[in-house]
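Subject: Structure for you to look at

Hello,

Here is the structure I promised to send over. Please open it first, then read my notes beside it.

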Amino acid sequence: MRHLATSMQVIRQLRRTLLVPAMLASGAYAASEESWSATDVVFCGPGVQIYVPHGQAEQLRPTAERLMAAWVQLDRQLRTPMTGCAVLQLTDRDDLGRMTEDGGFGRLGMVGLAADPLGPGGPRQIDARGRRALARIGLTQRIPGWRGGLARILGEQMPNDVLGFASMLLVLPAADSFPPWWTEALLAWYARHAGEPVDSPYRTLGRTVLRLEAEAMADPAQWRTDAHTWPYDLRASAYGWAYGEALAERYPMQMAAMADAHAGRVPFWFAGAPEQVAGRDHRALLADIAAEIADAQRRDVAAIRSAGVQSATRLTPVGVELAEVAWQDNDVLVVRENEVFGAGSRIVRRHHDGQLLTNWLSAAPLGDVACDIRRGADGRLLGTATGMALHGRSRSSICRADATVLSSLRVRQADAAPDGAAFVAIQLCPGGSQQLVHISKQDGNQYGISSTAAIPDDATPWAPSMRPDGQAVVWIERTATSSRVVQAAIPGFGGRQVLWEVPGAMLHPCYVPDGSAVIICSDNTGIFNAWRVPLDGQPPEALTNTLGSVMACVPSPDGSTLAIIDFDRDGAYLGLLPASTRANPPQLRPQPAPQAQRAADARLPPVDIGRGDGLHDIGYRGLVPTTSASSQGEGGPVGTSQGLGLQAHFGDPVFRSHAVIGAGTGASDQIVGIVRYESFHLSPVQLAAEAHRHSDVYDELIATGSGRSDYAETVAGGRMEVSFVGMVGLAVGMDRRRGVADANTALTDQEMDQTFQGNERYADLHLGIDTRPMYPLSIAPETGIACAIDARHSGLGGDLQRNRVIAQVEGTWSTWPEQGHQLVGRIVGGWSDGDASLQGAFAVGGKTQNTTTILRGYREVQAVDDHLGGWSLAYRLPLWRPQFGSGTQPWYLRQFVLEGFVDAAQTSSDHAFGNGPWYRSVGGQFSADIDLWIMRLSPGISVARQLDGEERWQVEFMLGSGASF
């Protein structure tokens, strides 16, 4: 879409970036089959509330109590008091858990109960993730001094314009705007203090990031916020872990004081503050620690090289993130890829020399988040997916190239028996637990669980793989201190045998083709490498020794070659290595973890248990000053309501219920206001009811003898809405419209009759879909199509009525993905019939309720009629990509972008793209692409030349915005 042109629109985009995702995310767990009532159980402790899914209260009670004890312990360590009450929600939505744990929204945090894609989850991991989520809230939601007092009065800010944004800056916790790596540093310190286990696949990958960038570590300017340089968003986390551990080692008792010092800083200005505690400037400390880490990593690199380093040829391009790999035959691999530029998530076929052949299957049908691919024991490609974004625990699928097996078992990591009629898989269960199951046909094409493996209470199963003869299965079991690979017979899972157990993690076990051994990825040396584990009791043998981390190792059908996913300084890549045992196995051992400085668990008062249905605990959330105290109303003009007012927000802690009450003055000194209630209790279905009164001014709307004159209108009414995940919406309402001419212009009755005055009863329908992914390195959504259709039927009293439909389609094509070039086309069409009025007609140029935004360069209304047509074509290209960060500040300059465009639009009396005159413009715009915090800013200048009308030039300054997640 076109860059937004005003700062007010920027703030509206910010509201959508922060508020709407938080509200949608907090209610989305209700989509699962057992929670359509949206009722949770709430454990309440001092300064914290923990929401757990209905029916899982007793199972998750120990976890909730440990989390609350950790919260109290953290509160006692920090001098600055917490503001408000922290809210943590445990959810079966794995994607939401990752999103909010990484970014967070205010005092609301979520922890996914589902398993992590890189390794087993389970109840023990809930504790670790929950501690981090609560610690993140506690470390970032403290506001000292006068700002803290103001924050207690204004509450949580939900701005919708410039004035509201200014008030938000006054009460925003400073740490909310700091670089992500500093938050990770504090979390690393807290993890040490709390005795939290730190070994995980992500931690190993974090060490890989540091090792492969050892030469650059001495430059503090490299410690930037751009985590997306690496897959899995690990760069900022890796720097943060390393920095936090180093600070905690130097100043073990002063880290809480450093956190407090940072909390007192001004938002968006991160300058350190350890000098108040350590007597050293922040930048000096950063440089010293970076150099120390670089030296340590160089020593590790030397130790790895002493055993003979292997390096596989990169078969996938730079910028492609990899998730899964399998063999189709000895020459062709199937890989799940995610292109930063271009095609998005897909599953492709590649020749063993890296040549891209064809797509095997779009990634979309395989699920929203959880997706695995492999070559089953039956020799056919197999995909497993569990839907999490919309349908929660109610949907899963096992897909083959020639058939699809559907189930409602919510399974992951399926592997097929040789006859293709049975599977082993991991079933995700309530409460964050999971079990190893055997799935077989029970009735026709219906599949069900026929047996379940007995897993020790201290372990969580993951990644089962069938032996080629279908008579046995291996899987990983992860405990709090180790991982082990286990084999058992199927069916029945009898004859359990532990093949190998190591400290650290294991990933992706699979049998060699003759079934005599298991190949697995293990980080027992501190780096993930491929290992061969014989089944005859012989010791494991190393197959690889790389500087990166081998996250997948899959033997070819003939057993001669390993397909690996490894890492270099450009990120993850697919490579091939011989499947032969190494003469010199890797000898590097991980450094022992420092002793945790764990304090005694805080004693908690008795825990209160409440009902989290979102209705009985609606309370005051915030008071926001605004220049638009009322809504615009669906039938009103765009962005013309002005005035001054206040909006008070009310809601429950997880925003399943949200209410707004606003009052103020509008255009022409009119009293305006809004009362709106939104319910997410049936999420992904949203219900809303609203009553509003607003006043607006239509620029140059009324045709007079001397040209056009403004028209002021007051609208009072109400509406009820129902929508489904933003794609389908239906609303009914009534507006009473009363209009007056511009006070400086006397209009005749005939001229006033051009507008409608009276009661408008209407029904609105919205349909929309957007297939374009938005990647962090791009200036706009990538290859895909966005479509939207809006229709309204209006009853104007008696037999008077009007119908209106407007449709828009925008397509984006990456013409030169590596350089960020894009071709963007857009087309819009509108149709209306019935009793005419200017409020129901379409306009070209200026600002009216139905003006097309597709035409740039025309500030005044050019034409008004019953039908609309328009198109736009633009080409975007980065002129320069400095990718420069301003030291440790949350600013990051990505690129300078040039765009050339051609726009055209018309209104007509017969049909869309009909008999009316066309108005066209050409021009260009130049903008910068800047990250600020989690915002994407694009300040720039646009120049357009009218090709019709008065053929004027128009210059416009812009401040576009978006999200940089």
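Below is what I found in it, from the whole chain down to single residues.

Please keep in mind that this is a predicted model.

**Overall**

The chain has 965 residues, and 58% of them count as buried. It holds 13 helices and 47 strands. Now take the contacts with a separation of 6 or more. Residues 24 or more positions apart account for 58% of those.

**The nonpolar cores**

In soluble globular proteins, nonpolar side chains tend to be buried together. The largest nonpolar core here has 56 residues. Which residues have the most contacts inside it? They are Ile50, Leu90, Tyr243 and Leu247. A second core is separate and has 38 residues. Among its members are Ile304, Trp327, Ile564 and Ile565.

Leu247 is a good place to zoom in. Leave aside its neighbours within four places in sequence. Leu247 is then in contact with Trp182, Pro252, Met255, Met258, Leu285 and Ile289.

Two of those partners, Met255 and Met258, are also among the buried residues of helix α10. This helix covers residues 255–263 and is mostly covered, with 9 of its 9 residues buried. Besides the two methionines, the buried set includes Asp260 and His262. The alanines at 256, 257, 259, 261 and 263 are in it too.

Leu186 also touches this helix. Its contacts are Leu139, Met255 and Ala259, not counting residues up to four places away in sequence. Leu186 itself sits in helix α7, residues 180–194. Is Leu186 buried or exposed? Its relative accessibility is 4%, so it counts as buried. Glu245 is 59 residues away from Leu186 in sequence, yet their C-alpha atoms are 8.8 Å apart in space.

**A helix pair**

Look next at α2 (residues 57–77) and α4 (residues 123–140). Their axes come within 9 Å and cross at roughly 30°. The crossing is right-handed. From α2, the contact is made by Leu60, Thr63, Arg66, Leu67, Ala70, Trp71 and Leu74. From α4, the residues include Pro123, Ile126, Asp127, Gly130, Arg131 and Leu134. Leu139 of α4 is in this contact as well, and Leu139 is also touched by Leu186. By type, the residues of the contact divide into 11 nonpolar, 3 polar and 3 charged.

**Cysteines**

How many disulfides are there? The count comes to 0. I looked at two cysteines in detail. For Cys85, the nearest cysteine sulfur is that of Cys44, 7.5 Å away. A disulfide needs the two sulfur atoms within 2.5 Å, so that pair does not qualify. Cys85 is partly exposed, at 30% relative accessibility. For Cys510, the nearest cysteine sulfur belongs to Cys553, at 5.9 Å, and Cys510 is in no disulfide either. Cys510 is buried, with a relative accessible area of 9%.

**Backbone details**

One peptide bond to check is the one from Ile490 to Pro491. It is cis, with omega near 0°. Where does Pro491 lie? It is in the loop between β19 (482–489) and β20 (494–503).

Two residues other than glycine have a positive phi worth a look. Phi of Ala463 is near 55°. Ala463 is found in strand β17, residues 460–466. Its relative accessibility is 4%, so Ala463 counts as buried. Phi of Phe913 is also near 55°. Phe913 is in the loop between β44 (891–908) and β45 (918–932). At 34% relative accessibility, Phe913 counts as partly exposed.

**A strand residue**

Finally, Met734. It is found in strand β35, residues 728–741. Its relative accessible area is 32%, so Met734 is partly exposed. Leaving aside neighbours within four places in sequence, Met734 has contacts in two stretches of the numbering. One set is Ala716, Gly717 and Gly718. The other is Asn759, Glu760, Arg761 and Tyr762. Ser794 is 60 residues from Met734 along the chain, and their C-alpha atoms are separated by 9.1 Å.

Best wishes

Methods. Residues numbered from 1 in each chain as written. Predicted model: local features only at pLDDT ≥ 70, side-chain atom pairs only at ≥ 80, totals over all residues. Heavy atoms only, no water. Core = buried A, V, L, I, M, F, W, Y, C linked by side-chain atoms within 4.5 Å. Buried < 20%, exposed > 50% of the residue type's maximum accessible area, 1.4 Å probe, protein only. Contact = heavy atoms within 4.5 Å. Axes fitted to C-alpha atoms, helices over the stretch in contact; angles between N-to-C directions. Helix = DSSP H or I, 4+ residues; strand = E, 2+ residues; numbered from the N terminus. Left-handed = near helix turned anticlockwise from the far one by under 90°. Nonpolar A, V, L, I, M, F, W, Y, C, P; charged D, E, K, R; others polar.
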